Amino acid sequence: MEQVTESLKKAVIGGEKKPKKEKKAPAANAADSGPLELNPPANFIQERLDLFDKLYKEQQEELAKKPREDILITMPDGSVKPGKSYETTPADIAKGISNSLYKRTVVARIDGETLWDIERPLEKSCKLELLDFNDEQGKFVFWHSSAHILGEACERRFGCSLCIGPPVDNGFYYEMALPEQAAVQASDWAPLETIVSKIVKEKQPFQRLEMSKEDLLKMFAYNKYKQHIIQDKIPDGTRTTVYRNGPLIDLCRGPHVPDTSRIESFAIMKNSSSYFLGDANNDSLQRIYGVSFPDKKLMAAHKKFLEEAAKRDHRVIGKQQELFYFEECSPGSAMWLPHGMRINNAIMEYIREEYWKRGYDEVMTPNMFNVALWEQSGHLAHYKDDMFILDVDKEQFGLKPMNCPAHAMMFRHRERSHKELPLRLADFGVLHRNEASGALSGLTRVRRFQQDDAHIFCREDQIKAEVADLFDFMKSFYGMLGLTFKLKLSTRPDKFMGEIETWDRAEAKLKEALDEFVNSTGGSWELNEGDGAFYGPKIDIAVLDCLHRSWQCATIQLDFQQPINFSLEYQTAEVAHKDKSQEAKEAPAPAPAAAPEPAAAAGDEKKDKDNKRKPLLVKKPLAAGCARPVMIHRAMAGSIERFTAILCEHFAGKWPFWMSPRQVMVIPVGMGFLDYAKEVALILKQEKIHVDVDSSGNTLQKKIRSAQLAQYNFIFVVGDDEKKNRKVNIRYRDDTSTQARDVPVALDEAITKLRALKADRGIYNPFPPSKEEKEKPAAPAAAEKN
């Protein structure tokens with residue numbers, strides 16, 4: 001029961017009591033840590049165990065009565081293993097192949113869908129996969145089990161009330177309420193890790209038990225948080241599962257690793273305060289984050305990775321390079337500084353150039369709409385909690401969290417012909433999403449942002465070509481930046497709009513496009529069942545940076561529903577041909593041109609809607625001779641803010657020349673050459689190159705070092721020889737062999753090469769060192785001429 005739906009978010013636990021503020025954790029001190037464990041343990045632990053033992057015995061007796069029938073277990077390689085229902089386990093199959101396979105296996109997957117404890121007997125013939133830690137689902141099960149171990153340690157140390165403990169992208173966490181609203185301290189980390197080590201050595205098995213709602217309420221009577229989840233999430237008369245390891249019993253769907261000894265390496269990473277169910281109106285809780293691995297080498301590699309990631313943190317680089325910052329009076333909304341806007345504008349300029357090449361038209365739509373628009377699109381029912389809703393003139397309006405409904409309105413504002421399709425509308429408009437304050441994180445999770453958002457309206461027979469062009473756009477864009485990517489097809493979710501037949505048709509179109517793309521370029525794509533948008537299936541593109549971290553950026557979504565919701569239609573080629581033939585027969589003489597009636601009617605309709613300030617639309621059947629367009633939602637960078645953060649960490653603040661906020665620093669070797677340095681800078685500025693001049697009184701060595709630390713792509717050093725011959729002495733940031741060179745380059749040649757480097761958005765040195773320079777040892781900085 002780790003995942004709690006949105007319906008729980010507004011539930012208030014603890015009345016009107018104000019949340020307790022998180023205490024600052026003092027430095028760890030063994031003397032301050034107190035006893036390792038509570039002695040005696042909390043009373044609820046034994047009461048819980050007694051009920052579990054009674055019910056578990058009854059469950060095992062029932063399972064013993066199940067008939068043992070012959071079953072066939074099909075492995076991924078096609079081989080078939082014989083077994084007995086309610087007797088043969090995935091662990092038995094793994095051990096039968098090899099003991100090392102059994103030790104590596106974290107969890108089983110049955111028939112390609114259901115995750116299964118490897119010590120739980122199979123119930124029927126099935127296809128069986130044995131997943132290890134390297135599998136994404138295997139890793140999440142491993143971290144989920146680790147969260148339970150952390151929960152046990154916390155109960156043993158604090159006697160706390162556990163809340164939820166899910167796996168997350170980089171490990172896991174557990175939320176809890178400590179007695180008397182105490183706070184977890186840094187001095188608790190080491191004792192908790194000591195208890196975890198004991199739990200691992202005890203090889204506690206994970207035991208699964210199905211329980212009724214009534215028994216669950218009895219078992220967790222001591223814990224008001226579990227009580228709330230049970231009451232709200234489990235229907236009356238139904239059953240769900242708990243898992244036990246050692247003295248811990250927790251509400252959980254599972255599955256888990258066989259026993260606690262699988263968690264060979266464990267570390268607590270941080271602790272913080274949080275709110276129950278993420279709602280600031282609820283109790284303040286304590287949250288402890290951890291990570292674990294099946295061997296110590298992986299933990300060491302992970303810690304090394306974290307060190308490198310910390311150096312590349314875009315929040316740190318953003319401050320160092322003066323790119324952006326945040327004000328308390330507008331949380332989640334970046335304040336873009338001049339150097340940050342240079343990067344922002346460079347990204348948008350590239351995208352706009354691609355739009356021009358690929359036939360997009362840029363549009364602009366309002367920031368605020370009457371909520372009736374979101375009701376029409378269906379977003380309000382699914383998205384209201386994530387929107388900023390305002391009361392204006394006794395009606396509700398919302399700041400737009402996405403552009404698609406506005407673009408649908410734009411399509412329908414007049415009659416459309418098949419000749420206009422595909423119609424590609426691009427929009428860099430500002431979007432707002434009401435992210436929880438605790439989820440805000442630098443530029444990666446914000447409330448105010450812009451996207452390279454676009455919607456393509458096309459015929460069904462044009463889908464394949466449009467998606468192929470999007471793949472080409474994506475490959476070109478990411479390839480230029482040195483980013484690789486993974487593709488996932490997300491299919492129909494449980495809550496969806498439209499007919500299943502329409503969804504099946506849309507998913508088939510995307511599968512066909514994906515197959516053709518990977519066949520032509522190599523690679524593969526994954527199926528992500530049930531994770532599509534409520535209005536259509538989508539292709540999610542996860543970008544991998546230089547640290548192999550996965551980031552969600554681009555998306556391609558096929559939508560047959562919004563055109564229906566907004567009654568979008570276009571005149572087909574057949575009716576256009578028929579109308580033209582009919583007119584030729586009935587009216588051979590040309591008639592005077594007149595204002596088209598449909599456009600006037602649309603104008604009247606719009607005026608009426610403006611007057612009512614609530615533009616509800618009545619869904620209409622297709623007019624004679626018309627067809628519905630397909631709507632393709634797409635983005636390449638996604639949020640420009642998020643994409644900037646990704647690039648910042650990918651390049652570690654060493655921006656490619658074409659998007660760098662600091663491209664050239666001109667350094668005169670003495671004040672007598674300052675005028676020439678300024679002249680060089682003026683010429684570069686005319687080329688729209690971001691250039692600065694260091695006119696300080698610092699030594700030449702210090703000036704060069706400062707420019708290097710500021711990540712200027714090129715340093716132009718000018719002195720007497722350069723001034724007389726209109727040359728510059730160039731150092732390239734990313735090539736150490738040029739750091740102490742004394743080979744002046746003609747100023748005109750330097751400008752020509754920089755102009756070309758910027759135009760082709762290359763990542764190379766246009767002033768490569770000669771063979772002699774490469775072989776020559778670098779001179780110390782003190783040897784610079786002055």
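This dialogue walks through selected features of a predicted model.

Colleague: Where do I start with the protein chain: how many helices and strands are there?

Modeller: Start with the elements. The protein chain has 24 helices and 34 strands. The model is predicted.

Colleague: What share of the 786 residues is buried?

Modeller: Buried residues make up 50% of the 786. The accessible surface of the chain is about 38,600 Å². Carbon and sulfur atoms hold 51% of that surface.

Colleague: And contacts: what percentage joins residues at least 24 apart?

Modeller: Take contacts between residues at least 6 apart in sequence; 72% of these join residues at least 24 apart.

Colleague: How do I read burial along one helix? Which residues of α13 are buried?

Modeller: Burial is a cut-off: under 20% relative accessible area. Helix α13 covers residues 404–412, and 7 of its 9 residues are buried. They are Cys-404, Pro-405, Ala-406, His-407, Ala-408, Phe-411 and Arg-412. The helix is mostly covered.

Colleague: Now a single residue. Is Glu-466 buried or exposed?

Modeller: Glu-466 has a relative accessible area of 7%, so it is buried. Glu-466 sits in helix α14, residues 463–480.

Colleague: Which residues does Glu-466 touch, leaving out those up to four places away in sequence?

Modeller: Pro-422, Arg-424, Ile-456, Cys-458 and Ile-632. Look at the last of these. Ile-632 is 166 residues from Glu-466 in sequence, yet the C-alpha atoms are 8.7 Å apart.

Colleague: How do I read a salt bridge?

Modeller: Look for a side-chain nitrogen of Lys or Arg within 4 Å of a carboxyl oxygen of Asp or Glu. The count here is 43 salt bridges.

Colleague: Which residue pairs with Glu-420 in a salt bridge?

Modeller: Arg-416, with the closest N and O atoms 2.9 Å apart. Check accessibility for each partner. Arg-416 counts as buried at 10%. Glu-420 counts as partly exposed at 24%.

Colleague: Where do Arg-445 and Glu-435 lie?

Modeller: First the pair itself. Arg-445 and Glu-435 form a salt bridge with the closest N and O atoms 3.3 Å apart. Both residues lie in the loop between β21 (430–432) and β22 (448–458), so the bridge ties together parts 10 residues apart in sequence. Arg-445 is partly exposed, with a relative accessible area of 36%.

Colleague: Which residue does Arg-726 meet in a salt bridge?

Modeller: Glu-679, at 2.9 Å from N to O. This pair links distant parts of the chain, 47 residues apart. Arg-726 is in the loop between α22 (720–725) and β33 (727–732), while Glu-679 is in helix α20, residues 674–686. Arg-726 is partly exposed at 37% relative accessible area. Glu-679 is partly exposed too, at 33%.

Colleague: Which residues do salt bridges with shared partners join into one network?

Modeller: Glu-354, Lys-357, Arg-358, Asp-469 and Asp-472.

Colleague: On to the backbone. What should I expect of phi and of peptide bonds?

Modeller: Most residues other than glycine have a negative phi, and most peptide bonds are trans. Flag the exceptions.

Colleague: Where is the peptide bond cis?

Modeller: One case is the bond from Asn-39 to Pro-40, with omega near 5 degrees. Pro-40 is in the segment before α1 (43–64). Another cis bond joins Gly-254 and Pro-255, with omega about -5 degrees. Pro-255 is in the loop between β11 (248–251) and β12 (265–275).

Colleague: Which residues other than glycine have a positive phi?

Modeller: Tyr-86 is one of them, at about 60 degrees. Tyr-86 lies in the loop between β2 (80–84) and α2 (90–97). His-548 is also among them, with phi near 65 degrees. His-548 is in the loop between β25 (538–544) and β26 (550–559). At 68% relative accessibility, His-548 counts as exposed.

Colleague: Last, cavities. How many of 30 Å³ or more are there?

Modeller: The count is 3. The largest cavity holds about 50 Å³ of space.

Colleague: Which residues line the largest cavity?

Modeller: Among them are Pro-656, Phe-657, Asn-713, Phe-714, Tyr-732, Arg-733 and Asp-734. By class, the lining has 7 nonpolar, 2 polar and 2 charged residues.

Key: Residues are numbered from 1 along each chain as its sequence is written. This is a predicted model: local features need pLDDT of at least 70, side-chain atom pairs count only at pLDDT 80 or more; totals for chains, interfaces and linings use all residues. Side-chain values use heavy atoms; hydrogens and water are left out. On a 1 Å grid over the protein atoms alone, a cavity is a set of points where a 1.4 Å probe fits but cannot get out, and a pocket is an open set with protein on both sides within 12 Å along at least five of seven lines; lining residues have an atom within 4 Å of a point. Grid points are joined across faces, edges and corners, and a volume is the space filled by probe spheres set on the points. Ala, Val, Leu, Ile, Met, Phe, Trp, Tyr, Cys and Pro count as nonpolar, Asp, Glu, Lys and Arg as charged, and the others, Gly among them, as polar. Helices (H or I, at least four residues) and strands (E, at least two) are DSSP runs, numbered from the N terminus. Buried means under 20% relative accessible area, exposed over 50%, partly exposed in between (1.4 Å probe, protein chains only). Contact means heavy atoms within 4.5 Å. Accessible areas come from the Shrake-Rupley method with a 1.4 Å probe; for residues, only the protein chains shown count as cover.
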